[in-house]
Structure formats: structure tokens, C-alpha cells
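Biologist: I am new to this structure and would like a close look at a single part of the picture, namely the pairing of oppositely charged side chains. Could you take me through it slowly, and say how each partner sits relative to the surface?

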Amino acid sequence: LLPFVVILLFVKFSISLFYIFFAIIYFEGLLISFYSSKTLSLNSVTSYVFSILYCTSSIFMTFSFTNMDLGALLSFIYMPLVIFGFSEFIKNDKWIELTIGVTLIIFSHVLSSILVFLFIFVWFLVDFKQIWKNKIKMINLGKAILSVTLLTSFIWIPATVFLLTNDIKKPINFGMPSSLDLLSLLYTSMTNNILMSWGLSVFATIGFIFAPIIFYHKFTPTIKKLYWLSFAFAIFSTGLFPWEQSLSHTPLSIIQFPWRLDTVPQLLFTYIFATCLTQYLNSKSRPPYIILVLIVTITCQLSAQKQVISLANRHTSYNLLHPLFKNDDYYKPYNAKNNQPYLNYHISNANEINYVIKSQFPVNDYPDYYPKQSFIERENLSKDVGVYGVKTIKLKLLGNGEFRIAEHHLHDIRNFEMPFVYYNFVHYQVYEDHHPVNFHCSSTHLLTLNKLSREVKNIKVHIVPSKLSYVYNTIAIIGILYFAIEIYKEKRKRE
């Protein structure tokens with residue numbers, strides 16, 4: 001997302017720009033899927049078909065417009081680099097593609113990284129003897145691990161320190177609710193419904209069920225291995241395993257929902273279907289079948305787009321005409337009993353985007369990664385309210401850590417708790433009307449001013465880079481230089 005952030009420094013955000021971003025992301029996905037899969041297929045038609053089927057699936061639409069999970073979407077985009085990169089490593093001892101893919105997926109989405117690593121680890125165990133006995137493979141694997149460790153150091157080092165020095169509220173453990181049974185998984189996958197696309201897409205399901213029935217005798221050893229690995233993960237994600245009863249108390253609970261294990265199988269079953277369609281069919285019957293599949297693909301994609309539009313225009317979806325506040329009438333059509341929003345609003349212009357930003361959604365709806373001690377202050381955090389004793393003062397959030405005092409106070413205030421969460425090992429500086437002031441961390445982990453002067457109008461909180469940040473940024477730069485040198489060496493070898 002960094003390129004988009006840079007663009008937004010010079011261009012004002014708009015709804016049109018929002019769709020342009022998605023167009024760029026999808027185009028990037030098509031390119032990555034094509035070129036990465038070609039290292040395994042060695043067939044342009046196979047890679048073309050695979051990239052189109054993979055990037056136009058309803059799952060992509062689900063993560064783009066239903067869940068609005070850009071991190072997960074980008075992980076889907078970069079996943080082919082990891083999977084086909086590891087295949088290239090096993091087959092030809094090449095490691096550059098794998099390294100790039102792993103690095104990008106770590107940058108995109110932590111949970112997806114864990115799921116992909118889990119798949120790669122099982123694959124590694126299957127091919128352990130082949131890798132262990134090959135000195136070149138072991139050296140190249142070491143280079144890949146070293147490169148990824150260095151390149152991502154500015155992420156994993158501060159993240160590790162952050163988790164070790166703060167008592168953080170972890171993402172909600174839903175108890176690993178029982179996954180779908182196999183038949184339900186296949187049914188929901190074949191519906192092409194963007195509200196039910198949790199596991200496999202239509203063509204991935206065909207690659208899962210029908211491709212091996214018809215073409216298994218033509219599968220190469222690599223395709224067979226990838227099929228059975230994917231099959232195992234797909235079956236493991238279903239209700240055949242005691243997710244809710246037993247596995248919810250294991251480290252696997254971090255994935256929250258068992259269907260997330262279908263992430264890599266979705267990719268590989270789609271690839272297997274594309275391979276069967278373009279290589280295993282009779283040469284005379286291939287063109288009409290390929291054309292038919294592409295027509296069905298376009299139809300499914302148009303259907304998914306229509307579902308997005310229908311979802312936005314449904315009778316329970318409203319335009320956001322002003323920011324939402326607690327007890328607002330906008331909540332009532334959705335959950336009047338608990339007085340909480342279901343977020344059934346469609347955004348059609350820049351003003352409505354600003355209304356979303358200014359809406360006071362309760363922290364208790366999204367408590368992940370807050371210090372546990374600050375959870376008791378969630379209402380004040382949501383309302384941008386400062387607290388001293390039993391009294392409060394309303395602040396106006398100006399953005400970028402700056403607040404304006406919205407209510408006049410006649411006296412200096414001692415121990416004024418800002419609606420600003422204080423994390424350990426983060427270095428802050430606080431200014432009152434551009435003058436530095438003393439502060440401390442309250443018992444509820446809020447940034448607290450020792451004294452708030454009555455003349456103060458603006459308060460600015462600034463985060464200062466720590467000495468450790470210079471260390472891990474230097475390590476990352478070393479990683480870039482090391483990886484660039486290794487790429488140059490690999491290029492020289494090919495010449």
C-alpha cells in the first residue's frame with residue numbers, strides 16, 4: 001500500500017481513486033499470477049488461464065468489497081510468488097522468487113503469512129530428504145531465510161518488542177467455531193456468493209473434486225504432491241476435526257476460523273484445474289473448452305460485481321449523511337436492542353468518507369491491540385474526552401496527534417488524562433501550544449499531562465524515533481543491499 005500512500009500525498013482522495021487503486025491491485029495480481037505460475041507450468045496458456053481464474057474469483061471480490069480486508073487481499077495477490085517460488089526452489093534450487101514472495105506477504109498480512117508458512121512447512125517436511133541431501137538447496141534456503149529476516153527486520157523487531165513490553169489485548173478468540181462439513185463447503189463454494197465465499201471458488205472446487213477423477217492418471221509427480229497437500233488442508237479445515245471442542249485451546253486458535261486454512265488450497269486447486277484444461281484435454285477439444293470456461297469466468301465475475309452493487313443498494317443500506325454518534329438514530333434500523341451499528345452504509349462521495357472518519361465507533365467493538373488496562377476507558381477514547389478526577393473536557397481531534405480544547409476551563413488542571421493510549425517502549429513528546437510539557441502514563445495506560453494550563457488551546461502528541469528504530473532500519477538497509485548483491489550474482493550465473 002506504500003505506493004498509494006505516496007500518491008495520496010499529492011492527490012486528494014476520491015471514490016474514483018478508490019476504484020483505480022483496486023484496478024491497479026488486480027492488474028498486479030494478474031501479472032504476478034501469470035509469471036510466477038509459469039515457472040511451474042512452462043506453458044503460457046496455462047498461466048494465462050490460471051491468472052484469470054484466480055484473480056477474478058468471488059473470493060477476491062469478498063475481500064475487496066464485502067470484508068474490505070486489504071491486507072488479506074494483498075496476501076492473495078502475493079501468495080503465488082511464495083507457492084510457485086518454493087516449487088521452483090525444490091525443482092531448480094532457485095530462491096529469489098520465494099524470498100520476494102515471503103517478504104511481500106509479511107508486509108501485507110500477518111495471519112496470511114502464518115497460514116502460508118504452515119503450508120510451506122508441511123511441504124518442506126514432505127521433501128525434507130531431497131532438500132537435506134542437496135548442499136546447494138540448503139545454502140540457498142539459508143540465503144532466503146537470511147534475506148527475509150533482514151528485509152523484514154523493521155517489522156518483526158518492533159513488533160516483538162511491542163508485544164513483550166505491553167500487556168496487549170489480543171485479537172478475539174471466537175473459540176474456533178465448528179467449520180462447515182465437506183458438503184456444505186463445496187455447496188457454498190459453488191454458489192459464487194460473495195457473502196459465502198469463505199473457502200474455495202467455483203473453479204477451485206472443480207479442481208478439487210472433478211479434476212483428479214478425470215485426469216489423475218495424467219498428473220505429474222509435482223501436481224500429485226500439490227493436490228494431496230491441498231486436499232489435506234481442505235479436509236483439515238472442515239468439521240471432520242474437533243476445532244471447537246479441542247483445537248480452540250491450541251496455538252492453532254490464532255487463525256480464528258478453520259476455513260482460513262483453505263487459503264493456499266484455493267490457489268493450487270485453481271492452478272490444477274487450469275493445468276487440466278490447457279494441457280490434459282485432447283488438443284482438438286481444448287480451445288472450445290477454454291473459451292467456455294473464460295465465458296463462465298466473466299459471467300461469475302459480473303455476477304459478483306452485481307452482488308456488490310445490490311449489497312450497497314439494499315433497503316437496509318443507507319447513505320451516511322453525517323457522522324455517527326452514540327444513541328444516533330442511524331443505529332436503530334440495525335441493532336436497536338444493543339444500540340450498536342452493523343455498518344450497513346454505502347459511501348458514494350468524499351464527504352461521506354469524512355463522516356466515517358469522524359464517527360465515534362466504540363473501542364469495545366474493536367479492542368484488538370489496545371493495552372488491557374486502557375479498556376476501561378473505551379468510552380472516553382471513543383468520544384475524544386479528556387478526564388481529570390470525575391470531570392471531563394471535550395477535545396476536538398485535528399489529526400496527526402493534535403487536539404484542540406473544545407471547552408473552556410477556568411483553572412489549571414493537574415493529571416489531565418488525554419484520550420490517547422500510552423504504549424510502553426514508545427517515545428513521546430507532548431506540546432501545549434508548541435511548548436513542551438511533562439507527562440506520564442496513568443494506571444489505565446492513557447497519556448496524562450502533569451498540568452494542563454488554562455490558557456492552552458492546542459495539544460500536540462509527537463512520537464520520537466527510538467535508538468532501536470535506527471538499529472532495525474539499518475538492518476533492513478543491509479538486507480536490501482545483501483539481497484540486491486545476491487540477485488546480481490544469480491543473474492551472472494545465468495549468463
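**Salt bridges and their surroundings**

Modeller: Lys493 counts as exposed, with a relative accessibility of 60%, and it is a useful place to start in what is, I should say at once, a predicted model. Lys493 forms a salt bridge with Glu490, and the closest N and O atoms of this pair are 3.7 Å apart. Glu490, by contrast, counts as buried because its relative accessibility is 13%, under the 20% cut-off, so that this bridge joins a buried residue to an exposed one. Both partners belong to helix α19, which covers residues 467-494, and because they are three residues apart there, about one helical turn separates them.

In general, side chains of opposite charge can pair when their charged atoms come close. Across the whole structure, a search finds eight salt bridges, and a few more of them deserve a closer look. Glu455 pairs with Arg454, with 3.5 Å between the closest N and O atoms; here Glu455 is exposed at 53% relative accessible area, while Arg454 is partly exposed at 46%. Elsewhere, salt bridges link Lys143, Glu486 and Lys489 into a network.

The bridge between Asp93 and Lys137 has its closest N and O atoms 2.5 Å apart, and it links distant parts of the chain, since Asp93 lies in the loop between α5 (70-92) and α6 (96-108), whereas Lys137 lies in helix α9, 44 residues apart. Both partners are buried, for Asp93 has a relative accessibility of 17% and Lys137 has a relative accessible area of 4%.

Following Lys137 into its helix, we find that α9 (residues 135-151) packs with α10 (residues 153-165) at an angle of about 65°, their axes being 5 Å apart, which makes the two helices roughly perpendicular. Where they meet, Thr149, Leu150 and Leu151 in α9 touch Ser153, Phe154 and Trp156 in α10. This contact offers a counterpoint to the charged pairs, as it has four nonpolar residues, two polar residues and no charged ones.

To return to the question of the surface, the bridges described here include a pair with both partners buried, Asp93 and Lys137, and also a pair with one exposed partner, Glu455, and one partly exposed partner, Arg454.

Note on methods. Residues numbered from 1 in each chain as written. Predicted model: local features only at pLDDT ≥ 70, side-chain atom pairs only at ≥ 80, totals over all residues. Heavy atoms only, no water. Axes fitted to C-alpha atoms, helices over the stretch in contact; angles between N-to-C directions. Helix = DSSP H or I, 4+ residues; strand = E, 2+ residues; numbered from the N terminus. Parallel < 35°, antiparallel > 145°, perpendicular 65-115°, else oblique. Contact = heavy atoms within 4.5 Å. Nonpolar A, V, L, I, M, F, W, Y, C, P; charged D, E, K, R; others polar. Salt bridge = Lys/Arg side-chain N within 4 Å of Asp/Glu carboxyl O. Buried < 20%, exposed > 50% of the residue type's maximum accessible area, 1.4 Å probe, protein only.
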